[in-house]
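This briefing sets out what can be read from a single protein model, with attention to its fold, its core and its charged side chains. Please keep the structure open while reading, so that each residue can be located as it is named.

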Amino acid sequence: SSESSSSENSEDESGENESSSSESSSSENSEDESSEKEEYSADIKLIKTNDDGKELLVGAEFTLYKDANCTDYVAKTVTGQNGVAVLYDIPDGTYFMKETVAPAGFKLSQDVYCVSVEQGQAVVTVASNGGNSISGNATDGYVIKNFALTSEIRLIKQYEAKNLSNE
């Protein structure tokens, strides 16, 4: 066992020497190349809730576009059981996002969100507001609220007169 430990030490020492000498000669070249060609991207985490933020919503579909008219498709994501959806590896640039399918029992949002990705950091803001709100940040995720569908029920009470005489 003493032979194996001494051979491990010599391998470690030789490995360190080889890697440090090769790193110093190649690191200068790779830094120059990477600074010219480096492309950034970001993951954009969305969290869908009801209007009071207490219920996570499943099945909200968000679509990302290159243009403000939301016609030039980039990517799509749908919230899961945890109310979370992620758009992965979105390159630097400015995009527009909207909800394209509302969760069951909720109104489809008319909001268009501006998504700005710069040096791998994403910022999502409301570009045009249809009434829903957004809060949060790139680290924790952006919370987008939806309003439940509402309808009016009208009850009409009718009174029917009955003959209660003893016949």
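The points below go from the whole chain to single residues.

The structure is a predicted model, with a mean pLDDT of 79 for the protein and 72% of its residues at 70 or more. Its secondary structure consists of 1 helix and 9 strands, in the order α-β-β-β-β-β-β-β-β-β from the N terminus on.

**Confidence and overall organisation**

- The stretch of residues 1–35 has a pLDDT below 50, and in the model this stretch makes 0 contacts beyond near neighbours in sequence.
- The protein has 167 residues, of which 28% count as buried.
- Among contacts with a separation of 6 or more, 53% come from residues that are 24 or more positions apart.

**Nonpolar cores**

- The largest nonpolar core holds 18 residues, and the members that touch the most other members are I44, L46, L87, I90, M97, V115 and V117.
- Two or more residues of this core come from each of the elements β1 (41–50), β2 (61–65), β4 (84–91), β5, β6, β7 (121–128) and β9 (141–146).
- V115, when its neighbours within four places in sequence are left aside, is in contact with I44, L64, G93, T94, Y95, M97, V123 and V124.
- A second core, separate from the largest, has 5 residues, including C70, F96, V112 and C114.
- As general background, nonpolar side chains tend to be buried together in soluble globular proteins.

**Charged side chains**

- A search of the whole structure finds 1 salt bridge, in which the side chains of E99 and K48 meet at 2.7 Å, N to O.
- This pair links distant parts of the chain, since E99 belongs to strand β5 and K48 to strand β1, with their positions 51 residues apart in sequence.
- Both partners are buried: E99 has a relative accessible area of 2%, and K48 has a relative accessibility of 1%.
- D111, placed in the loop between β5 (93–101) and β6 (112–118), is also buried but has no salt bridge, and K48, the nearest side chain of opposite charge, is 7.4 Å away.
- That distance does not qualify as a salt bridge because the cut-off is 4 Å between a side-chain nitrogen of Lys or Arg and a carboxyl oxygen of Asp or Glu.
- The side chain of D111 does, however, make a polar contact of 3.1 Å with the side chain of Y113.

**Backbone angles in two loops**

- C70, although not a glycine, has a positive phi of about 55 degrees; C70 is found in the loop between β2 and β3 (73–78) and is buried, with a relative accessible area of 9%.
- Q119, likewise a residue other than glycine, has a positive phi near 50 degrees; Q119 lies in the loop between β6 and β7 and counts as exposed at 54% relative accessibility.

**An exposed strand residue**

- Q121 lies in strand β7 and is exposed, with a relative accessible area of 52%.
- Leaving aside neighbours within four places in sequence, Q121 is in contact with A42 and S116.
- Q121 and D43 are 78 residues apart in sequence, while their C-alpha atoms are 8.5 Å apart in space.

Terms used: Residues are numbered from 1 along each chain as its sequence is written. This is a predicted model: local features need pLDDT of at least 70, side-chain atom pairs count only at pLDDT 80 or more; totals for chains, interfaces and linings use all residues. Side-chain values use heavy atoms; hydrogens and water are left out. Helices (H or I, at least four residues) and strands (E, at least two) are DSSP runs, numbered from the N terminus. Buried means under 20% relative accessible area, exposed over 50%, partly exposed in between (1.4 Å probe, protein chains only). Lys and Arg count as positive and Asp and Glu as negative; His and the chain ends are not counted. A polar contact is a pair of N or O atoms within 3.5 Å; within protein, one must be able to donate a hydrogen and the other to accept it, and residues adjacent in sequence count only if both atoms are side-chain atoms. A nonpolar core is a set of buried Ala, Val, Leu, Ile, Met, Phe, Trp, Tyr and Cys residues joined through side-chain atoms within 4.5 Å. Contact means heavy atoms within 4.5 Å. pLDDT is the predictor's confidence in each residue, from 0 to 100.
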